[in-house]
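Work through the two exercises below with the sequence and the coordinates at hand. The model is a predicted one.

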Amino acid sequence: MTDSTAQSFQITLLPGDGIGPEIMAVAVNVLKQIGEQEGIKFDFTEAPIGGVAIDTTGVPLPKDTLSICRQSDAVLLASIGGYKWDSLPRSQRPETGLLGLRAGLGLFANLRPATILPQLLEASSLKPEVVEGVDIMVVRELTGGIYFGQPKGIFETEDSDQRGVSTMAYTGKEIDRIGRVAFETAQKRQGRLCSVDKANVLEVSQLWRDRITALSKSYTDVELSHLYVDNAAMQLVRAPKQFDTIVTGNLFGDILSDAAAMLTGSIGMLPSASLGESGPGVYEPVHGSAPDIAGQDKANPLAQVLSAAMMLRYGLDRPATADRIEQAVLSVLDQGYRTGDIMSEGMKVVGCKAMGEALQTALSS
Ligand code: IPM
Ligand code: MG
């Protein structure tokens, strides 16, 4: 299959730490193969972030890494962090590099789909009838809220105690901006949007609810509902099929997207896209760097591969190519290939590399 409209894309690769390099290698091979088949030229530039950047440059987000990312069409990130860097001061932790990348590229909208694949029904810790057919999109605000609000810090008090402070704050504009992305996302899905907050206790959430409600007047084709975050967490595990699109702030979105991910059986399956007003997006798995299995060829590369598919769909406007990658993932699962995290009886357990090879075989047939 050769596309007559040959295209060339600058892609920054940030393999990061732990299992990052292993799963990134699989995704890059898939992209190279599909690029050759479809006449897409990917120019890959690799840059350090997280622990590997701390070790080589002393900081978790080197200036060069940020500028290379800014100059590219899209950024494919694997995972950052590990035990080795856990006790460093906050400014030098891998996570600080990731937050700096999000802020530096203005990536305020984080899309985290949680879709149950029929092939993996048995891998979910919930009953098959509860999760069958689940298809949720969590739209998480990513550059505001308690992650970035001021003041923040650990302060000495007058009575020689300490006081740890983080501030959950949102401006109306920030809420409207993520709200618009969420309503537009819901319009392209089933037209139902659930906004999650803690408006019964938090002022910041009251403003959130007021602004999202006001915004809904411009999206009369979307059915809006509201849930408090504690109830939302409960509903996600009680009856997840009630959700279509969820919109929420940074911290609640962090927590709920992990819960939503786990409905699908393994967080090792879930991709995400982080998008800004303009400029390159960052595409990365929802899972972390899994230092306990790093370097052992045990990691599940599918979330990374599906993140590459999201990059093609949302960042490079190649939806048909994204479809092909997603189909290849379904095909290898249909053939019974499973990494340890999604293994169930009667299936063939494979390592990270072999899963990648199976994907490439599926793509070439
Ligand atoms: C995520 C992660 C990050 C977050 C960490 C690694 C900073 O948990 O992307 O969900 O809290 O946003
Ligand atoms: Mg998280």
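**Exercise 1.** Find which residue is the bridge partner of Ser274 in S12, then place strand S12 among its neighbours.

*Solution.*
Step 1. Ser274 has Val282 as its bridge partner in S12.
Step 2. The pairing of strand S11 (residues 271-275) with S12 is antiparallel and comprises 4 bridges.
Step 3. The two strands S11 and S12 make a hairpin, with 6 residues between them. In its turn, Gly279 has a positive phi of about 85°.
Step 4. Strand S3 (residues 74-79) also pairs with S12, here in parallel, through 2 bridges. Leu76 is the residue opposite Tyr283 in S12.
Step 5. In a regular strand, side chains alternate between the two faces of the sheet. For S12 (residues 282-285), Val282 and Glu284 lie on one side, Tyr283 and Pro285 on the other. All four are buried, under 20% relative accessible area, so both faces of S12 are covered.

**Exercise 2.** Describe the surroundings of ligand 1 by residue, class and domain.

*Solution.*
Step 1. The residues around ligand 1 are Glu95, Leu98, Arg102, Arg112, Arg140, Tyr147 and Asp254.
Step 2. Sorted by class, this shell holds 2 nonpolar, no polar and 5 charged residues.
Step 3. Helix H4 (residues 94-104) supplies the largest share of the shell, 3 residues.
Step 4. Domain 1 (1-120 + 265-365) and domain 2 (135-262) each contribute at least three residues to the shell.
Step 5. Oxygen atoms of ligand 1 lie 2.7 Å from a side-chain N or O atom of Arg102, 2.8 Å from one of Arg112 and 2.9 Å from one of Asp254.
Step 6. Of the 320 Å² of accessible area that ligand 1 has on its own, the protein covers 76%.

Methods:
Residues numbered from 1 in each chain as written. Chains lettered and ligands numbered in written order. Predicted model: local features only at pLDDT ≥ 70, side-chain atom pairs only at ≥ 80, totals over all residues. Heavy atoms only, no water. Buried < 20%, exposed > 50% of the residue type's maximum accessible area, 1.4 Å probe, protein only. Pairing = 2+ DSSP bridges. Near = heavy atom within 4 Å. Polar contact = N/O pair within 3.5 Å; in protein donor to acceptor, adjacent residues only side chain to side chain. Areas by Shrake-Rupley, 256 points an atom, 1.4 Å probe, with all protein chains shown as cover. Nonpolar A, V, L, I, M, F, W, Y, C, P; charged D, E, K, R; others polar. Domains from an automatic or database assignment.
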